[in-house]
Amino acid sequence: MTGERVHRTSHSTEVDAPAGIVYGLIADAVRWPLFFPPNVHVEKLETDGTNERLRMWATANGQVRSWISRRVQDPATRRVEFRQSHPQAPVETMHGTWAVEELPGGTTLLTLLHDFTVHGDRPQDVDWVQRAVDTNSRAELAGLRQLAERWRHFDELVLSFEDSVRVGVDAPAELVYDFLYRAGDWPRLIPHVSRLELTEDAPGVQVMAMDTLTADGAAHTTESVRICFPHAGRIVYKQTATPALMEAHTGEWSVVSDGSGTTAVSQHSVVLREDAVERVLGPGADLAQARRYVREALGRNSTATLELAREHAESAVRSG
């Protein structure tokens, strides 16, 4: 540190849920993109059950930012300490604490503390970081509170599933990945995609807006951030604007090869928007129907995309 001033913030909210439930959501950082609106993706790099090192991607003031964070979990006191070991400029240092306090009557006080310094301490940079911390902290606390307060039927609201397609042994995995990566070409290659706008200002970080059609002819507009890992054959994404029935949607495209061929996989995780179920599916519809509808709609479109990726790879081999 070169003498820059330390800036401190504190945000808190009361949650009508047990402290153990709230702490469990804080501790499970890999699932944060599903719980917290600003978080795009979290990769667990190291862990021993108490100490962990994480690579995180999140939006901040409309930009996609990434950093490595070290966390120490303390279930006994229900605190999680964190420190960014590789912050992204203009941040020089960023430390903080999640503190979960049990209140009388079974509710919980959740507090999020930050202290940070900024390179050069320029007012405009300090203001940028303060706005990002304030906006994201408020969104994270609100998202966690809303989810934790529905903990009794959490398992009904959250669903995860995957679909896969087997690719011929002669078709390289790289060609399958290439099709999934070149999403900007999808409107002319995939029938259910009618519009797609994509930017990639930083290598491997794609921001896109897409219009898709469901089997019943309904149109949906979504916005997503995609993080691409070409050497691992993976593309992870977070929808930052979702269809009405989904409160949150994350997913992953992956391409895995073995000695007998390649498997292309599409994985989805969704939090349903409970108050939209009857509005979208009609009077009397329940969460069970919503789960089936989302499973079928997402599975149908992602499987169709995987099949087209397979055809792309196999036809390229035949024509080559």
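Two strands pair if DSSP finds at least two bridges between them. That rule is used throughout this tour of a predicted model.

One place to see paired strands is the hairpin of strand 3 and strand 4, which has 2 residues between its strands. Strand 3 covers residues 51–60 and strand 4 covers residues 63–74; the two run antiparallel and are joined by 10 bridges. E52 can be used to find the register, since its bridge partner in strand 4 is R71. In the turn sits N61, with a positive phi of about 50 degrees. N61 has this positive phi although it is not a glycine. Its place is the loop between strand 3 and strand 4.

Strand 4 takes part in a further hairpin, with strand 5, and here 4 residues lie between the strands. R78, in that turn, has a positive phi of about 55 degrees. Strand 5 spans residues 79–84 and runs antiparallel to strand 4, with 6 bridges between them. Q73 stands opposite V80 of strand 5.

After strand 5 the chain passes through a loop that leads to strand 6, and P90 is found in this loop. The peptide bond between A89 and P90 is cis, with omega about 10 degrees. Strand 6 (residues 91–102) is then joined to strand 7 (residues 108–118) by 11 bridges, and this pair too runs antiparallel. In this pair, E101 stands opposite L109 of strand 7.

These hairpins and pairs belong to a wider arrangement. What is the order of the strands in this sheet? The order is 1-7-6-5-4-3-2, in an open sheet of 7 strands with antiparallel pairing. Strand 1 (7–15) and strand 2 (39–47) stand at the edges with a single partner strand each, so one side of each has no neighbour in the sheet. From one strand to the next, the twist averages 20 degrees. Helix 3, residues 123–148, packs on this sheet and touches strand 1, strand 2, strand 3, strand 4, strand 6 and strand 7. The direction of helix 3 makes about 15 degrees with that of strand 1.

A general point helps in reading any such sheet. Strands of a sheet pair through backbone hydrogen bonds, either parallel or antiparallel. In a regular strand the side chains alternate between the two faces of the sheet.

Further along the chain there is another open sheet of 7 strands, in the order 8-14-13-12-11-10-9 and with antiparallel pairing. Which strands form its edges? They are strand 8 (158–167) and strand 9 (193–202), each of which pairs on one side only. Neighbouring strands here are turned against each other by 20 degrees on average, direction ignored. Strand 9 pairs with strand 10 (residues 205–213) in the antiparallel sense, over 7 bridges. Within this pair, R195 stands opposite D211 of strand 10.

Helix 5 lies across this sheet, over strand 8, strand 9, strand 10, strand 11 (219–229), strand 12 (234–241), strand 13 (246–258) and strand 14 (261–272). Helix 5 runs at about 160 degrees to strand 13.

Helix 5 also meets another helix. The axes of helix 5 (residues 173–181) and helix 8 (residues 287–319) come within 8 Å and cross at roughly 130 degrees. Helix 5 and helix 8 are therefore oblique to each other. Their crossing is right-handed. On the side of helix 5, the contact is made by L175, V176, D178, F179 and L180. Helix 8 contributes T305, L308, A309, H312, A313, A316 and V317. Sorted by class, this contact has 9 nonpolar, 2 polar and 1 charged residues.

Finally, the protein as a whole. It has 8 helices and 14 strands. Its C-alpha atoms fill a box of roughly 60 × 55 × 40 Å, taken along the principal axes. How does its radius of gyration stand beside that of a compact globule, and what is its value? A compact globule with 320 residues would have a radius of gyration near 20 Å, and the protein has 21 Å, which agrees.

How values were computed. Residues numbered from 1 in each chain as written. Predicted model: local features only at pLDDT ≥ 70, side-chain atom pairs only at ≥ 80, totals over all residues. Heavy atoms only, no water. Axes fitted to C-alpha atoms, helices over the stretch in contact; angles between N-to-C directions. Parallel < 35°, antiparallel > 145°, perpendicular 65-115°, else oblique. Left-handed = near helix turned anticlockwise from the far one by under 90°. Contact = heavy atoms within 4.5 Å. Nonpolar A, V, L, I, M, F, W, Y, C, P; charged D, E, K, R; others polar. Rg over C-alpha atoms; globule rule 2.2 N^0.38 Å.
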